Amino acid sequence: MKLFIDSGNIKDIETLVAIGIIDGVTTNPSLLAKEPGNYRDNLKRICQIVKGPVSGEVTATDFAGMIQQGHDIAAIDEYMVVKVPLTRDGIKACKTLSGEGIRVNVTLCFSAAQALLAAKAGATFVSPFVGRLDDVGTTGMDLIREIVDIYENYDFTTEILVASCRHPIHVVEAARSGADIATCPPAVIDQLFNHPLTTIGLEKFLKDWEKTQAVKA
Ligand code: G3P
């Protein structure tokens with residue numbers, strides 16, 4: 001399963017990409033709004049760092065505006081992916097942009113019916129938000145399992161990009177369900193490394209080693 005960073009923060013992205021396990025980046029207007037500087041320059045810089053798919057989202061809500069902004073975003077860099085919301089105009093824009101060979105990530109997906117429309121419109125990625133579904137008392141991962149089933153039934157090529165991941169269990173369950181990608185904030189990616197027994201085990205190994213080296217010295 002591919003792992004994307006869900007952030008517009010260049011420093012955090014540089015740190016995680018340097019480890020070698022990151023495959024892409026997703027942003028949205030809220031994440032980019034938090035960062036200093038021009039959003040276009042920031043997206044360009046992020047593309048140069050990650051050298052993988054980087055999603056930048058349109059803020060227009062009408063078809064014509066989405067197409068104009070979509071072309072603008074796609075022109076920032078070869079790694080750019082245009083993010084559009086799962087609305088009528090968003091699906092229509094996805095169909096047009098993907099028809100022009102532009103990669104589209106259909107975001108704000110909360111139902112299997114919506115995910116079916118994104119695949120039929122030729123989306124490269126669909127982004128179901130599991131954390132926000134959990135927030136309203138429904139099990140977000142159930143939606144991922146539904147979408148995996150539907151996409152497999154019809155060999156849709158749209159990749160399932162699990163978004164709004166709030167903790168490592170979302171990432172593990174995404175992988176177990178056969179999703180293609182999970183995108184997580186840097187803090188959640190940091191948690192993926194952690195296990196107390198790893199820390200305790202390493203400490204003991206090193207202490208035993210130093211003890212024996214001290215005796216032999
Ligand atoms: O890109 C979508 C993601 O950023 C939403 O995450 O935690 O705001 O639900 P969250």
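In the predicted model, strands β7 and β8, the latter comprising residues 181-184, pair in the parallel sense over two bridges, and within this pairing valine 162 stands opposite alanine 182 of β8. The connection from β7 to β8 runs through helix α9, residues 168-176, and the resulting β-α-β crossover is right-handed. Strand β7 also pairs with strand β6, which covers residues 125-128, again in the parallel sense and over two bridges; here phenylalanine 125 has glutamate 159 of β7 as its bridge partner. Strand β7 itself, residues 159-162, is covered on both faces, with Glu159 and Leu161 buried on one side and Ile160 and Val162 buried on the other. Glu159 is thus both a buried residue of β7 and the bridge partner of phenylalanine 125, while Val162 is likewise buried and stands opposite alanine 182.

In the loop between β7 and α9 lies serine 164, whose phi is positive, at about 60 degrees, although the residue is not a glycine. Serine 164 has a relative accessible area of 11% and, because the limit for burial is under 20%, the residue counts as buried. A positive phi, near 60 degrees, is also found for leucine 108, again a residue other than glycine. Leucine 108, however, is placed in strand β5, and its relative accessible area of 31% makes it partly exposed.

The chain as a whole contains eleven helices and eight strands, and its C-alpha trace spans about 75 × 40 × 30 Å along the principal axes. Of its 217 residues, 46% count as buried. Among the contacts in the chain with a separation of 6 or more, 58% are accounted for by residues 24 or more positions apart.

Four aromatic pairs are present in the structure. One of them, formed by phenylalanine 110 and phenylalanine 129, is edge-to-face, with 5.4 Å from centre to centre and 65 degrees between the planes. Phenylalanine 110 belongs to the loop between β5 (104-109) and α6 (112-120), and phenylalanine 129 to the loop between β6 and α7 (130-135), so that the pair ties together parts 19 residues apart in sequence. The two rings belong to residues of differing accessibility class: phenylalanine 110 counts as partly exposed at 33% relative accessibility, whereas phenylalanine 129, at 9%, is buried. Another pair, that of tyrosine 154 and phenylalanine 156, is tilted, with centres 5.9 Å apart and an angle of 45 degrees between the planes. In this pair tyrosine 154 is exposed, at 57% relative accessibility, and phenylalanine 156 is partly exposed, at 24%. Ring pairs further join Tyr151, Tyr154 and Phe156 into a cluster.

Helix α4, residues 63-74, consists of twelve residues and extends 16 Å from its first C-alpha to its last, close to the 16 Å expected at 1.5 Å a residue. Its buried residues are Gly65, Met66, Ile67, Gly70 and Ile73, and the elements covering these residues include β3 (54-57), β4 (80-85) and α5 (88-99). A contact of another kind involves phenylalanine 63, over whose ring the charged end of lysine 92 sits, 4.5 Å from the ring centre.

The loops on either side of α4 each contain an aspartate that can be described in its local setting. Aspartate 62 is located in the loop between β3 and α4 and, at 37% relative accessibility, counts as partly exposed. Its C-alpha atom is separated by 9.8 Å from that of lysine 92, although the two residues are 30 residues apart along the chain. Lysine 92 is the residue whose charged end sits over the ring of phenylalanine 63. Aspartate 77, by contrast, is placed in the loop between α4 and β4 and counts as buried, at 11% relative accessibility. When residues up to four places away in sequence are not counted, aspartate 77 touches Lys44 and Cys47.

How values were computed. Residues numbered from 1 in each chain as written. Predicted model: local features only at pLDDT ≥ 70, side-chain atom pairs only at ≥ 80, totals over all residues. Heavy atoms only, no water. Buried < 20%, exposed > 50% of the residue type's maximum accessible area, 1.4 Å probe, protein only. Helix = DSSP H or I, 4+ residues; strand = E, 2+ residues; numbered from the N terminus. Pairing = 2+ DSSP bridges. Right-handed = clockwise from strand over helix to strand, strands pointing away. Phe/Tyr/Trp six-rings, centres within 6.5 Å; stacked < 30°, edge-to-face > 60°. Lys NZ or Arg CZ within 6 Å of the ring centre and 35° of its normal. Expected span 1.5 Å × (residues − 1). Contact = heavy atoms within 4.5 Å.
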